[in-house]
Amino acid sequence: MSKTPYLTFDLDTPGMSTGHLVVPKGDDCEAISLPVFSLNKGEGPRLLVTGGNHGNELEGPIVARRLVDWLPKVQTCGRVIIVPMLNLPAVQAWSQDSPIDGLNLNRVFPGRADGSVTERIADAVSRLLLPMADTVFDLHSFGPTWDCPPSVVTHPIGDVDLMAKTLRMAEAFKLPVTLLWEHPDTKGMFDTWVHSQGKVFVCAEFGGGTVNAEALAIYESGLRNGLIALGLVDGKAECPTFRQRKASKTLETLLSDELKSPARGIFEPRCSVLDEVSQGGLIGVIYPVDSLSADAIDIRAPTTSIVCAVKSGIHVEVNQKVAFLARPLKP
Ligand SMILES: [Zn+2]
């Protein structure tokens, strides 16, 4: 049994080929084989598409798998590698983090060859797949307890040129929101690792907890727009319609835009995603459950904002996030 990760097939094979990325056995589990699809049409842009980084965000694996069906017919050049289920044990358990070592794959990059299984997955991807790509699309969906508009997200990047290039790539998806997200915890993110190599990485987010056909169609058309912008596919990018609107906005959300619940309770949303709210506008109400006689608590917007994501999973703990606000990104 190999102690180093390997691919069961040659990514240089022309045309469409399929096989596995084998993550070696460790102290905590046997070897894991991640399905990999390679579409090689020679010279041109090199793209890696991943889904299932978080195992409870299943729109990504569906859309990645659908891509495998239609991309071979329309790809004109370059290479695309598709891994629909990056953290396979987490997807199998429908859990954000791995059921084996409890780790969040999106916090352990670049991984460790001698680490636990999630670290070994990150190591295998870092060694064998990332060198084959200049751009990465990582397909998420914000988790099953959130409502958020179809978005492409990136985090602030120190390198000004890479930041501009990444934002342009994100905007090319033409999804309702392109979001620059100031995140409190970016160490070990797949994004951070790829950006550190000077490569473009964007992350699609499309929350809702329920997978429906309309949402998947929007997600898929955003991905197609991204492929057109890269030059992998011919065609004209189209802005998808979301909740009767056909617009894309570039927004910024800061740490201070995360609204949290001051109590354990039931959260009642009083706004919808993409609503514009004034300073003091009502975002939602918390009904504390520890004391049934306690008054309801209003959650209000600290500044004039656009609602970017709202908790849809009703039950919240103390200090848990209930909404993300945002505002137009200044050029
Ligand atoms: Zn995610």
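**Strand pairing and the nonpolar core**

L251 stands opposite P328 of strand β19. The model is predicted, and local features require pLDDT of at least 70, side-chain atom pairs count only at pLDDT 80 or more, and totals for chains, interfaces and linings use all residues. Residues are numbered from 1 along each chain as its sequence is written.

Strands are DSSP runs of E with at least two residues, helices are runs of H or I with at least four, and both are numbered from the N terminus; two strands pair if DSSP finds at least two bridges between them. Strand β11 (residues 249-253) and β19 (residues 321-328) pair in the antiparallel sense over 2 bridges. With β9 (residues 177-181), β11 pairs in the parallel sense over 5 bridges, and L180 has E252 as its bridge partner in β11.

A second region is an open sheet of 4 strands in the order β16-β15-β13-β18, with antiparallel pairing. β16 (297-300) and β18 (315-316) stand at the edges with a single partner strand each, so one side of each has no neighbour in the sheet. β15 (residues 282-288) is joined to β16 by 4 bridges, and V285 stands opposite D298 in β16.

The largest nonpolar core (buried Ala, Val, Leu, Ile, Met, Phe, Trp, Tyr and Cys residues joined through C-beta atoms within 7 Å; buried meaning 20 or more other C-beta atoms within 10 Å, with C-beta atoms placed from the backbone) has 88 residues. Helix α3 (residues 117-129) gives the largest share, 6 residues. Domain 1 (6-251) and domain 2 (257-328), with bounds from an automatic or database domain assignment, both contribute residues, so this core lies between them. A323 is among the residues with the most contacts inside the core.

Notes: A residue is buried if 20 or more other C-beta atoms lie within 10 Å of its own, exposed if 12 or fewer, and partly exposed in between; C-beta atoms are placed from the backbone.
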